[in-house]
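Here is a note on the model that you sent round, set out as numbered points. Each point takes up one part of the fold or one residue, so that it can be followed on the structure.

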Amino acid sequence: MRVAVVGGGPGGLYAAALLKRLDPTREITVRERNAPEDTFGFGVVLSDETLGGIEHADPVVYEALRREFVRWDDIDIVRRGVRHTSGGHGFAALGRRRLLEILHERCRSLGVDLRFRTEAPHPARLTREYDLVVAADGVHSATRAAYADAFRPVLTPHRCRYIWLAADFAFDAFRFEIAETEHGVMQLHGYPYAADASTVIVEMREEVWRAAGFDESDTRESVERCAKIFADALGGRPLKSNNSAWTTFRTVVNERWSHGKVVLLGDAAHTAHFSIGSGTKLAVEDALALAACLTEQPSLERALSAYEEERRPVVASTQRAARASLEWFENLGLYLHQPPRRFAFNLLTRSRRVTHDNLRLRDAHFTEAVEREFGCPPGTPPMFTPFRMRGLTLRNRVVVSPMDMYSATDGLPGDFHLVHLGARALGGAGLVMTEMVCVSPEGRITPGCTGLYTAGQADAWRRITDFVHTAAPGTAIGVQLGHSGRKGSTKLMWEGMDEPLPDGNWPLVAASALPYRPGGQTPRELSRAQLTDLREQFAAAAWRAARAGFDLLELHCAHGYLLSGFLSPLTNRRTDAYGGSLAKRLRFPLEVFDAVRGVWPAERPMTVRVSATDWAEGGTSADDAVEIARAFAAHGADAIDVSTGQVVADETPEFGRSYQTPFADRIRHEARVPVIAVGAISSWDDVNSLILAGRTDLCALGRPHLYDPNWTLHAAAEQGYTGAAAAWPAPYRAGSRPPRTGRTDAPKPRLTLMS
């Protein structure tokens, strides 16, 4: 096999070395446009996991790296002159130039042909001359550009400018320092990479960068000004550059990583923001996987497919974490009001890869100090602290999210709903929410939806609220009121979600006469008179909800249902006073809110569920969501339940762990209103992390409570918490500890017998 490697960075060099080591008969050529001593940046951070892979694949390279590494455990967060330190993190770094030297030496010793100051020919020519072309030519990959139609890259620029610099001394920790200047917030990321050298990255929002005049400064002036701004962190020492320039980070994603004989590696295939680690780490891991797949698979096609199949999920997870971290720093100014230790905890857990429990293992002293600052009593996890809205105090921060059960008859909740909601109330959550309860027969999603449009339905709900208040004292129960709008008159979810009924359909109404999906029923655009009728239907349902004994009411303005349809520009095409600008699109939902608030008891709280983005071009944006939240808060909403999407059928959501939380986080800090976070929050560790970091006030979990009705009680037991915020019902107390299982430990040897 003849292999051409385009790009002589760490990823390309390591791929070349591994491929040659695994099969010395391979003819491998690396082309690098720059000189061997040229490099950009200064230090490189590698994780223990990556180093383990290197050690297994090439002990020679590992040993050379091991001798060079600088290791440390601490992270320092410095804000307003106060430093907080968290330990136990474990980092290893070395100089980028030294890393390249080690890889050069290894490649030469194995017989790899290294060609520096050499431009690679066009990929089409390389594919004629070589059996495999490894494109490791970086974020601006010419190879990727040549076959853009095949790779289908998406490059997303972000909102900060940054510059890579260095200092001639070693930080004693990974250091994050915040500078609040007259122009805006700036931050320093610094870490040692040698006994006498550190990498320093200075970053700030584009508008701050321009306001500070960096757009008109040359490199020398920029370096000097950065050193002055962060003089305390640097101890008055100067900074130095190495081909340094202000740049904007771009996230690179490719639909495919291979095309024929060409395969992308490292930054050519993907990028991840420097704030969660090194792009070099990902490139080296790519090289390890590619070499292994080429060895294990019987053909090149299958090897490249296996390489992408192995690496893509790992990279996608890393990119999600990197995106969360990147956006945290972009929005850093939102968090400056936080108490110092909670700010530090927020920074440390920004990517969601470091969590409350994980940080407790690394540095229990630091984590306990953050908990004290938050107000946790000794031995009480953050999720088991109370939260008050008006006259309602929730005993803990866990909410059973509204989940449509589609199991009612003529809108009446029955035994199923009693058992379903009663079981989750007994399971320890602070608040149990009903499914969306419809305000009229025509407002149902399916024939199986519950309602509050008759006195009989109110009586049936009263049976359920009485059970919750009697059998699960301390648990509150809330009702979510809504109208299906254009998404109504459909089959039960398990019979065909969003599919029209085969018969017995009822007419639909919406903000505009637009069907939810092609082939679906087209709704009628609501007239002024119908809007008045709908307001009265919502108010009447709220009055019945109050008499039924609910503790909290949530107005459903999300997921493309009727009120959500007014908010989104994709579903509201009206030309009257209820369409057009965001203020006009808000008008009817706010009128409904006011009507409901007017009949809902003053001491009982009201929340509003919103879709903070439509996940579709031209739809509701995160900026819009903040304004929507502000508007409802100004009208008396006690909290905003922040969901996303389900507004248009052609949405493209970015799923992932806690993927909707950043929207809740932003609304909480920018609109200054309490929020409920929801969406792929599955572990009690996530709940503790989100609450303690200040990203949300409450966490709503749906599927985990379907899997385990006693999720909250089990979370308490697993954390050793036995307080009143998660009290087991008296009949269940005997089961408050995990059942015993058979012993699995073997007798320990006590004596050594000599023969």
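1. I begin inside a sheet, with a single pair of residues: Val134 has Val263 of β16 as its bridge partner. That pair belongs to the pairing of strand β9, residues 132–135, with strand β16, residues 262–264, which is parallel and runs over 3 bridges. Please keep in mind throughout that this is a predicted model, and that every value below is computed from it.

2. The sheet to which these two strands belong is open, has 6 strands in the order β8-β2-β1-β9-β16-β15, and is mixed in its pairing. The edges are taken by β8 (113–116) and β15 (258–259), each of which has a single partner strand, so that one side of each is left without a neighbour in the sheet. As a general point, the strands of a sheet pair through backbone hydrogen bonds, in either a parallel or an antiparallel sense.

3. Among the pairings of this sheet, strand β1 (residues 2–6) runs parallel to β2 and is joined to it by 5 bridges, with Val6 standing opposite Arg31 in β2. Strand β2 (residues 27–32) in turn runs parallel to β8, to which 4 bridges join it, and here Glu32 stands opposite Phe116 in β8.

4. Which of the faces of β8 is covered, and which is uncovered? Leu114 and Phe116 make up the covered face, whereas Asp113 and Arg115 make up the uncovered one. Its partner β2 is mostly covered, since 5 of its 6 residues are buried.

5. A further parallel pairing is that of β26 (639–643) with β27, in which 3 bridges join the two strands, and Asp641 has Ile676 of β27 as its bridge partner. Strand β27, residues 675–678, is covered on both faces, with Val675 and Ala677 buried on one side and Ile676 and Val678 buried on the other.

6. Two residues deserve a look for their backbone angles. Trp615, although it is not a glycine, has a positive phi of about 55°; this residue lies in the loop between β25 (606–611) and α22 (622–634), and its relative accessible area of 11% places it among the buried residues. Ser658, likewise not a glycine, has a positive phi of about 50°; Ser658 lies in the loop between β26 and α23 (661–670) and counts as buried at 1% relative accessibility.

7. Is Trp543 buried or partly exposed? This tryptophan, which sits in helix α19 (residues 528–547), has a relative accessibility of 47% and therefore counts as partly exposed. Trp543 and Arg597 are 54 residues apart along the chain, and their C-alpha atoms are separated by 9.8 Å.

8. Glu603 lies in the loop between α21 (582–599) and β25 and is partly exposed, with a relative accessible area of 47%. Once its neighbours within four places in sequence are left aside, Glu603 is in contact with Arg390, Gly391 and Leu392. Between Glu603 and Leu155, by contrast, there are 50 Å from C-alpha to C-alpha, and the two are 448 residues apart in sequence.

9. Turning to the chain as a whole, I count on the assignment of 26 helices and 28 strands. The radius of gyration is 29 Å, which is close to the 27 Å that the globule rule gives for 755 residues, so the chain is as compact as a globular protein of that length. Along its principal axes, the C-alpha trace spans about 85 × 70 × 65 Å.

10. Of the 755 residues, 59% count as buried, and of the contacts between residues at least 6 apart in sequence, 71% join residues that are at least 24 apart. The accessible surface comes to about 31,200 Å², with 50% of it belonging to carbon and sulfur atoms. Finally, for the charges, the mean position of the 88 positive ones and that of the 91 negative ones are 2 Å apart.

Key. Residues are numbered from 1 along each chain as its sequence is written. This is a predicted model: local features need pLDDT of at least 70, side-chain atom pairs count only at pLDDT 80 or more; totals for chains, interfaces and linings use all residues. Side-chain values use heavy atoms; hydrogens and water are left out. The radius of gyration is taken over C-alpha atoms; the globule rule is 2.2 Å times the number of residues to the power 0.38. Buried means under 20% relative accessible area, exposed over 50%, partly exposed in between (1.4 Å probe, protein chains only). Contact means heavy atoms within 4.5 Å. Accessible areas come from the Shrake-Rupley method with a 1.4 Å probe; for residues, only the protein chains shown count as cover. Lys and Arg count as positive and Asp and Glu as negative; His and the chain ends are not counted. The place of a charge is taken as NZ of Lys, CZ of Arg, CG of Asp or CD of Glu. Two strands pair if DSSP finds at least two bridges between them.
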